[in-house]
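Thanks for coming. I will go through one structure today, and I will keep to the salt bridges and the sheet. Please have a look at it first.

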Amino acid sequence: MRRMHFTLVILALFAISARAAQPVQIGDVAVEQQGDHVRFTFITAGGFVGFVAGADWGVVGMQSRPPVTGSAFQIPDPADNGTPDSTNLVVSLFTPGVPKADAAIAAIGKTRGPGPVTTENRGEWTVYRQEAIQGGTRYTILDAKARKADVFCGVRLAWPHLKNHRSDYDAKMNALFDATLASISGGSGTYEVHSGEIVRRPDPQ
């Protein structure tokens, strides 16, 4: 997949406009560079939800309009160079009560391979773990869901098992998943843009 560094992403996708000085609206995204991380805050119908991503993650896609939003990233991994495989993380927000969103919520944790799906609770999160085969490569897939503000948040991390991986790669991916969940927070009411944040307003559809 094509990789983009966040410096390019900020310039290309989050350039501020005159409209950004106005109060935030549903579907707006506030982005702030925080050292070697970037925090995204999505404006929902009744509040806001934010999460932290690595500044060196590649952006695969970003759609901020409800009822289903999606932010997809490719995690840098030297072992996948020259292969069709990649480690990917997706953070999604689902507006409950909308058929499209309800169907997506119900699909979180569904079986995608021949093996079993294990389920555990981590605080407010329900976490599902399974393995699946994609293009002949075995992947570990972690899914999680929890209610945040007025939406449901879904997080998926999928990584391949490659012969050139270091022995601690699985442990690093589990830690990355846990750190992502811990970074996600939300609130109700109007979001106040912080100093240093850039707001992106998607084009009208």
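Let me start with one pair of side chains: Glu124 forms a salt bridge with Lys148, and their closest N and O atoms are 2.6 Å apart. This pair links distant parts of the chain, with Glu124 in the loop between strand 7 and strand 8, Lys148 in strand 9, and 24 residues separating them. Before I go on, note that this is a predicted model.

Are the two partners buried or exposed? Glu124 has 49% relative accessibility, so it counts as partly exposed. Lys148 is at 7% and counts as buried, because the cut-off for buried is under 20%.

In total, the structure holds 7 salt bridges. Another of them joins Asp178 and Arg122, with the closest N and O atoms 2.3 Å apart. Asp178 belongs to helix 3, residues 169-183, and Arg122 to strand 7, residues 118-122, so this pair ties together parts that are 56 residues apart in sequence. Asp178 is partly exposed at 37% relative accessibility, and Arg122 is partly exposed at 24%. Which residues make up the network of salt bridges here? Glu120, Arg122 and Asp178 are linked in it.

One more pair: the side chains of Arg138 and Glu131 meet in a salt bridge, at 3.0 Å from N to O. Arg138 is partly exposed, with a relative accessible area of 37%, and Glu131 counts as partly exposed at 36%.

Now to the sheet. In what order do the strands come? The sheet is open, made of 7 strands in the order 4-5-6-10-9-8-7, and the pairing is antiparallel. Strand 4, residues 58-63, and strand 7 stand at the edges; each has a single partner strand, so one side of each has no neighbour in the sheet. From one strand to the next, the twist averages 15 degrees.

As an example of the pairing, strand 5, residues 68-75, and strand 6, residues 87-94, run antiparallel to each other over 8 bridges. Gln74 stands opposite Asn88 in strand 6.

Two helices remain to be placed. Helix 2, residues 99-107, packs on the sheet and touches strands 5, 6, 9 and 10. Its direction makes about 135 degrees with that of strand 6. Helix 3 also packs on the sheet, touching strands 5, 6, 7, 8, 9 and 10. The direction of helix 3 makes about 165 degrees with that of strand 10.

That is where I will stop.

Key. Residues are numbered from 1 along each chain as its sequence is written. This is a predicted model: local features need pLDDT of at least 70, side-chain atom pairs count only at pLDDT 80 or more; totals for chains, interfaces and linings use all residues. Side-chain values use heavy atoms; hydrogens and water are left out. A salt bridge is a side-chain nitrogen of Lys or Arg within 4 Å of a carboxyl oxygen of Asp or Glu. Helices (H or I, at least four residues) and strands (E, at least two) are DSSP runs, numbered from the N terminus. Buried means under 20% relative accessible area, exposed over 50%, partly exposed in between (1.4 Å probe, protein chains only). Two strands pair if DSSP finds at least two bridges between them. Axes are lines fitted to C-alpha atoms, for helices over the stretch in contact, and angles run from 0 to 180 degrees between N-to-C directions. Contact means heavy atoms within 4.5 Å.
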